[in-house]
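This report addresses selected side-chain arrangements, with attention to aromatic rings and to lysine residues. The sequence and structure are shown below.

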2 protein chains.
Amino acid sequence: MKIAVIGMGNVGSILGRRWAEAGHEVTFGVREKSDTKTQAEAKAMKASIGTVAEAAAKAQVVVLAVPWKAVPEALAAAGNLSGKVLVDCTNPLTQDLSGLEIGTTTSAAEEVAKKAKGAKVVKIFNTTGAPNMANPKYGAVSLPMLYAGDDADAKKVAAQLAKDVGFEPVDVGPLTAARLLEPMALIWITLAIRQKWGTDFAFNLIKRPGK
Amino acid sequence: MKIAVIGMGNVGSILGRRWAEAGHEVTFGVREKSDTKTQAEAKAMKASIGTVAEAAAKAQVVVLAVPWKAVPEALAAAGNLSGKVLVDCTNPLTQDLSGLEIGTTTSAAEEVAKKAKGAKVVKIFNTTGAPNMANPKYGAVSLPMLYAGDDADAKKVAAQLAKDVGFEPVDVGPLTAARLLEPMALIWITLAIRQKWGTDFAFNLIKRPGK
């Protein structure tokens, strides 16, 4: 396929290189196509470079791999994308990577904490289905149980309760991280019900072999 | 520990039973403690039952395992929880399980689709780090790549591009599911950076052995 990759950061470079290796015709859309370093990088990947508009115009698939702040400019530069496949790799991260700039506003956990004044709220046991809580051992694997909270002692208690059930507890940070854990729960539910996977599956966290 | 489990649905029952098995003193907080079926269920688990207020009053840990709609009533019934650990298992799911009632409003993908009129937007390549895109094989495991979009043909193209990189593509539904995938990306980023896991880890999706 003819693929335009807008953005030559970590994600764009790696995807473009791998797709070129797989035989696709990859063009990076960049701000300064006369930049010799950029040209050399693209050449090393057996890819072309062009302006964002040039890359997008000839592509069937346009890949948006720029920082969130650069999205409006990149899309404006790309011009008319009607009918094209637009692969969106962006995340609207805040600059300190602590949250999302758009899309999230609160969480059940934060609302619970507002109502239960003084309680040490920990978000946990929400990201997977009850059948996995009944048996969180998948062979030799203890499923991870992600949790978030603001009180260190309460988090220790909750983590121990997860271990008592057979989970491997995983700390994801302050209670605002419930804004991440509740949507993750819905991914599991969506796969289980809408995508008809049933309930005998789970998210696991794995380390790269040898690391 | 003395644990009050508010709610005897799937999640509350299973957690309460397992904690009782692990040696904790579990009391289920219920609306009708005189219900004989509920009493029998609790007894079979070696747990007690009481009103929500009774269960909460004597507990060090209060576990909120009720449907989202029942949270205000449950917390009101529980009374003062100041200083207690409050384990929040709730998810603010819409009744049809298609979304979250609170907490999410939009996504980068939906904003991109608004700007790129007519483009067939697919959310993909956002839930894991660039090092995993450079090498999505963890030994024999091909990492999953979750994606969402509204155009079936565009999704097929995106799924193939994920395969071309070495991922196992996983369809999570319509483009609004980007509201789930973008927070999930931030879980990975949070573990990698704030929790100092580095980048040699990934979410995997696994099936229960024998299923």
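## Charges over rings

A charge is said to sit over a ring if NZ of Lys or CZ of Arg is within 6 Å of the ring centre and within 35 degrees of the ring normal. The model examined here is a predicted one.

The charged end of A:K207 meets this description with respect to B:W197, lying 5.1 Å from the centre of that ring. In the opposite direction between the chains, B:K207 is positioned over the face of A:W197, with 5.1 Å to the ring centre.

## Aromatic pairs and a cluster

Over all chains, nine aromatic pairs are counted. One of them consists of A:W188 and A:F201, which are stacked because their ring centres are 5.0 Å apart and their planes meet at 15°, with planes under 30 degrees apart counting as stacked. This pair links distant parts of chain A: A:W188 belongs to helix α8 (residues 178-192), A:F201 belongs to strand β11 (residues 201-207), and 13 residues separate the two. Both A:W188 and A:F201 are buried.

Aromatic residues also group across the two chains: A:W19 forms one cluster with B:F125 and B:F167.

## The surroundings of A:K155

Is A:K155 buried or exposed? Its relative accessibility is 11%, so A:K155 counts as buried, the limit being under 20%. A:K155 is located in helix α7 of chain A, which spans residues 152-165.

Leaving aside residues up to four places away in sequence, A:K155 touches A:V122, A:Y147, A:A148, A:G149, A:D150, A:D171, A:G173 and A:P174.

Technical notes: Residues numbered from 1 in each chain as written. Chains lettered and ligands numbered in written order. Predicted model: local features only at pLDDT ≥ 70, side-chain atom pairs only at ≥ 80, totals over all residues. Heavy atoms only, no water. Helix = DSSP H or I, 4+ residues; strand = E, 2+ residues; numbered from the N terminus. Buried < 20%, exposed > 50% of the residue type's maximum accessible area, 1.4 Å probe, protein only. Contact = heavy atoms within 4.5 Å. Phe/Tyr/Trp six-rings, centres within 6.5 Å; stacked < 30°, edge-to-face > 60°.
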